[in-house]
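Trainee: I am new to this structure and would be grateful for a close look at a single part of it. Could you please take the aromatic residues as the subject and describe how they are arranged?

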Amino acid sequence: QVQLVESGGGLVQAGGSLRLSCAASGRTFSTMGWFRQAPGKERAFVAAIRWRGGSTYYEDSVKGRFTISRDNDKNTMYLIMNSLKPEDTAVYYCAADLTPGYSSSYYYRLQSKYDYWGQGTQVTVSS
């Protein structure tokens, strides 16, 4: 049975940091990613990482502030979030994709390409 379990969300002041974790069980994936859904908005891509090779992809607004990484031995993905802003407030979801790879990095940003999802963890950034 495949499970993705997120942890690490919480309340932080603007400028602060948080680390999110996503522990995967049941199988190994080709790509894992983070998406977020802010109040009143649709869920949107944040970052993704290829399990083999470690290539990373970021949404423009988080580049330079967020870092995605993975621990192959623990089958766990992380999102280190620095310099947090109130507009980063959202429920953050972990997602996993079985497809070996795509010809363009565009596809890693598409929710429809991911096969499994976690339950989400709330991140709230106060001003």
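**The aromatic residues**

Mentor: In this predicted model, Tyr57, Tyr102, Tyr106, Tyr107 and Tyr108 form one aromatic cluster. The structure as a whole holds nine aromatic pairs. One of them joins phenylalanine 35 and tyrosine 114 in an edge-to-face arrangement, with 5.2 Å from centre to centre and 80 degrees between the planes. Phenylalanine 35 belongs to strand β4, whereas tyrosine 114 lies in the loop between β9 and β10 (116-117), so the pair ties together parts that are 79 residues apart in sequence. Both phenylalanine 35 and tyrosine 114 are buried.

Aromatic residues also appear in the nonpolar cores. The largest core has 28 residues, and Trp34 and Tyr92 are among those with the most contacts inside it, as are Met32, Met77, Leu79 and Met81. Strands β3 (18-25), β4 (31-37), β5 (44-50), β7 (66-71), β8, β9 (90-97) and β11 (121-126) each give two or more residues to this core. Apart from it lies another core, of seven residues, which includes Ala48, Tyr57, Tyr108 and Tyr114. Leucine 79, for its part, touches Trp34, Phe66 and Tyr92, among other residues.

Finally, two rings are met by arginine 43. The charged end of arginine 43 sits over the ring of tyrosine 93, 4.8 Å from the centre of that ring. Arginine 43 also lies over the face of tryptophan 117, at 3.9 Å from the ring centre.

Key. Residues are numbered from 1 along each chain as its sequence is written. This is a predicted model: local features need pLDDT of at least 70, side-chain atom pairs count only at pLDDT 80 or more; totals for chains, interfaces and linings use all residues. Side-chain values use heavy atoms; hydrogens and water are left out. A nonpolar core is a set of buried Ala, Val, Leu, Ile, Met, Phe, Trp, Tyr and Cys residues joined through side-chain atoms within 4.5 Å. Buried means under 20% relative accessible area, exposed over 50%, partly exposed in between (1.4 Å probe, protein chains only). Helices (H or I, at least four residues) and strands (E, at least two) are DSSP runs, numbered from the N terminus. Contact means heavy atoms within 4.5 Å. Rings of Phe, Tyr and Trp (its six-membered ring) pair if their centres lie within 6.5 Å; planes under 30 degrees apart count as stacked, over 60 as edge-to-face and the rest as tilted. A charge sits over a ring if NZ of Lys or CZ of Arg is within 6 Å of the ring centre and within 35 degrees of the ring normal. Lists of a residue's contacts leave out its neighbours within four places in sequence.
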